[in-house]
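User: I would like a close look at one part of this model, with the surroundings described in enough detail that I can follow them in the viewer. Please begin with a single pairing and work outwards from there.
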Amino acid sequence: MAYNETLSNRIREALENVPNVDEKYMFGGVCYMVDGKMCVGVVKDEMMCRIGEAAQAAAIKKTGCREMDFSGRPMKGYVYVSEEGMSNNIDFKYWIELCLAYNPEAKAAKKKK
C-alpha cells in the first residue's frame, strides 16, 4: 500500500528541529515517533495525528478531520486529516503543533519481549 510521500516530506521538514524524532514504517505508511512515542504520520493520502482524547472532540469538527478508524474501530486520541484540512501552511502547522503539544503526555507503547 502506497502513501503520500510529498506529505511525508512535508512532515519530515516540519520536524527537522525537533529532538529525538525517528521514522518508522507501519500501517502501510510512515509514522514519525518523538521520544519513542507515535506522534504524526501518513496513511495513504491522509495525515495521522496523535492529539489525545481531550482534543479529539473539537478536532473532528474541523474541515478535513475525521476519527482514525484503522482496522474498522475508532482509535481514541487519534485523527486523520485530509488534504482539505491542511491545504495551507497555517492549517498544516496547527496539526503538527497539536501533535507535538500532546506528545509529552502520550504513553509509549509497551516493548515486546
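Which residue in β4 stands opposite V40?

Analyst: In this predicted model, the residue of β4 that stands opposite V40 is C49. The pair belongs to the contact between β3 and β4, two strands that are joined in the antiparallel sense over 4 bridges. As general background, strands of a sheet pair through backbone hydrogen bonds, either parallel or antiparallel.

Seen in its wider setting, this pairing is part of an open sheet of 6 strands, arranged in the order β1-β2-β3-β4-β6-β5 and paired in the antiparallel sense. The edges are taken by β1 and β5, each of which has a single partner strand, so that one side of each has no neighbour in the sheet. From one strand to the next the twist averages 25 degrees. Against this sheet packs α1, which touches β1, β2, β3 and β4 and whose direction makes about 150 degrees with that of β3. The helix α3 also meets the sheet, lying across β2, β3, β4, β5 and β6 and running at about 30 degrees to β4.

The two helices are themselves in contact. In general terms, two packed helices are described by the angle between their axes and the distance between the axes. Here the axes of α1, residues 5-14, and α3, residues 89-102, come within 11 Å and cross at roughly 65 degrees. That angle makes α1 roughly perpendicular to α3, and the crossing in which α1 passes α3 is right-handed. On the side of α1 the contact is made by L7, R10, I11 and A14, which meet N89, F92 and I96 in α3. By character, the residues of this contact divide into 5 nonpolar, 1 polar and 1 charged.

Turning back to the strands, β4, residues 46-50, also pairs with β6, again in the antiparallel sense and over 4 bridges, and within that pairing R50 has Y78 of β6 as its bridge partner. Further along the order of the sheet, β5, residues 65-67, is joined to β6 by 3 bridges, the two strands running antiparallel, and here R66 has Y80 of β6 as its bridge partner. It is a general feature that in a regular strand the side chains alternate between the two faces of the sheet. In β6, residues 78-81, both faces are covered, with Y78 and Y80 buried on one side and V79 and V81 buried on the other.

On the other side of β3 in the strand order comes β2, and G29 lies in this strand, which spans residues 29-34. With a relative accessible area of 3%, G29 is buried, and, leaving aside neighbours within four places in sequence, G29 is in contact with Y3, K24 and V42. The C-alpha atom of G29 is separated by 6.9 Å from that of A2, although the two residues are 27 apart along the chain.

The loops add some local detail to this picture. Most residues other than glycine have a negative phi, and against that background two positions deserve a look. K44, in the loop between β3 and β4, has a positive phi near 55 degrees without being a glycine, and at 48% relative accessibility it counts as partly exposed. N20, which is placed in the loop between α1 and β1, likewise is not a glycine and has a positive phi of about 60 degrees; with a relative accessible area of 52%, N20 is exposed.

The loops on either side of β6 can be described in a similar way. K76 has its place in the loop between β5 and β6, where it is exposed with a relative accessible area of 65%. Beyond the residues within four places in sequence, K76 is in contact with E53 and Q56, and its C-alpha atom is 9.2 Å from that of I51, at a sequence separation of 25 residues. S82, by contrast, lies in the loop between β6 and α3 and is buried, with a relative accessible area of 19%. Not counting residues up to four places away in sequence, S82 touches E46 and G64.

To return to the starting point, V40 stands opposite C49 within an antiparallel pairing of β3 and β4, and both of these strands are touched by α1 and lie among those crossed by α3.

Definitions and conventions. Residues are numbered from 1 along each chain as its sequence is written. This is a predicted model: local features need pLDDT of at least 70, side-chain atom pairs count only at pLDDT 80 or more; totals for chains, interfaces and linings use all residues. Side-chain values use heavy atoms; hydrogens and water are left out. Axes are lines fitted to C-alpha atoms, for helices over the stretch in contact, and angles run from 0 to 180 degrees between N-to-C directions. Angles under 35 degrees count as roughly parallel, over 145 as roughly antiparallel, 65 to 115 as roughly perpendicular and the rest as oblique. A crossing is left-handed if the near helix is turned anticlockwise from the far one by less than a right angle, and right-handed if clockwise. Contact means heavy atoms within 4.5 Å. Ala, Val, Leu, Ile, Met, Phe, Trp, Tyr, Cys and Pro count as nonpolar, Asp, Glu, Lys and Arg as charged, and the others, Gly among them, as polar. Buried means under 20% relative accessible area, exposed over 50%, partly exposed in between (1.4 Å probe, protein chains only). Two strands pair if DSSP finds at least two bridges between them.
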